[in-house]
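Biologist: I have the sequence and the model open side by side. Could you take me through some of the labels used for it, and the reasoning behind each one?

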Amino acid sequence: MLQYPEPIAKLIDSYMKLPGIGEKTATRLAFFTLDMPQDDVDDFAQNLHDAKTKLHFCSICGNITDQDPCVICSDPTRDQSRILVVEQPKDIMALERMNEYHGLYHVLHGVLSPTTGKGPEDINIKSLLTRLQQHAEVKEVIIATNATPEGESTAMYLARLIKPAGIKVTRLAYGLAVGSDIEYADAMTLIKAVEGRQEM
Ligand SMILES: [Zn+2]
C-alpha cells in the first residue's frame, strides 16, 4: 500500500487532533495547506504557536489574556460595582459583543457537576470569594452560568455562599431555551437576559 510521505502524514495526524475532524477532512486540509502560499503557512504555524505560548489566564478574573491583569480588569472606566460570573472565557466574548454590560467578569472555568465529579475546589470559586472580600465596592454578582442543570445548581451554590455577605446576587433572565449556551445566544436575547436579571 502506498504511504504518504512522512511530513504530510504527520500533518494529517495533527489535523485529526482537532474536534470534529476525521481522516478524510484532515487529508483534504493537509493537501489544501500544501497549496497555500508559503507566507500564509508560516503565519498559520506562528499563530498556533503564539496562541498557545502567549496567552494565559488573568490572575484576577480568569479570562484568557496576553497581559495581566486583562484589559477588562485593568480598565478603570468599567463599573467596579458589578461582577458577572460566566462558565468560560468564550462567554465573555459573547457578552462583550453586545456592548451593553460595562461591569467586571469572573470566569469559573466549568460548573459543579456530580456526574463528572467536579466540586467547588475544581472551579474558580475561591478566587471569586477572595475578590469579594477584598473589594467592598462590589454590590452585585450576576450569575450567568448556562441554563443547564449543572449551570443552575452552580448558580444556587454561589448564591448561598455570596448572599450572606450582603451582596446582591442576580441570575440572568433566560429567554434562552433551557439547556442553551450563552456563547450561541444572539445579541438581543443576551441584552434582554441581562436587563431582565432577577434577584436570587
Ligand atoms: Zn481579568
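Modeller: Let's start with N99, which is found in the loop between α4 (89–97) and β4. Keep in mind that this is a predicted model.

Biologist: Happy to. Why does N99 count as exposed?

Modeller: N99 has 9 C-beta neighbours inside 10 Å. A residue is exposed if that number is 12 or fewer, so N99 counts as exposed.

Biologist: And what makes the phi of N99 worth a look?

Modeller: Its sign. Most residues other than glycine have a negative phi. The phi of N99 is near 55 degrees, a positive value in a residue other than glycine. H109 also has a positive value, with phi near 60 degrees, and H109 lies in the loop between β4 and α5.

Biologist: Why is H109 called partly exposed?

Modeller: The range between the two limits is what matters here: 12 or fewer is exposed, and 20 or more is buried. H109 has 14 C-beta neighbours inside 10 Å, so H109 counts as partly exposed.

Biologist: What about T115, in the loop between β4 (103–107) and α5 (126–134): buried or exposed?

Modeller: T115 has 7 C-beta neighbours inside 10 Å and therefore counts as exposed. The C-alpha atoms of T115 and E150 are separated by 9.5 Å, and these residues are 35 apart along the chain.

Biologist: N63 is in a loop too, between β1 (56–57) and β2 (64–65). How do you know whether N63 is buried or exposed?

Modeller: By the count again. N63 has 22 other C-beta atoms within 10 Å, and the limit for buried is 20 or more, so N63 is buried. Beyond its neighbours within four places in sequence, N63 is in contact with residues including F57, C70, Y105 and V107.

Biologist: Which peptide bond is cis?

Modeller: The one from D68 to P69, with omega near -5 degrees. P69 is found in the loop between β2 and β3 (79–86). As background, most peptide bonds are trans.

Biologist: Last one: why is α1 called oblique to α2?

Modeller: The axes of α1 (residues 6–16) and α2 (residues 23–35) come within 8 Å and cross at roughly 125 degrees. Roughly perpendicular covers 65 to 115 and roughly antiparallel is over 145, so an angle outside these and not under 35 is oblique. That makes α1 oblique to α2. The crossing is right-handed, and the contact of α1 with α2 has eight nonpolar, two polar and one charged residues.

Definitions and conventions
Residues numbered from 1 in each chain as written. Predicted model: local features only at pLDDT ≥ 70, side-chain atom pairs only at ≥ 80, totals over all residues. Axes fitted to C-alpha atoms, helices over the stretch in contact; angles between N-to-C directions. Helix = DSSP H or I, 4+ residues; strand = E, 2+ residues; numbered from the N terminus. Left-handed = near helix turned anticlockwise from the far one by under 90°. Nonpolar A, V, L, I, M, F, W, Y, C, P; charged D, E, K, R; others polar. Contact = placed C-beta atoms within 7 Å.
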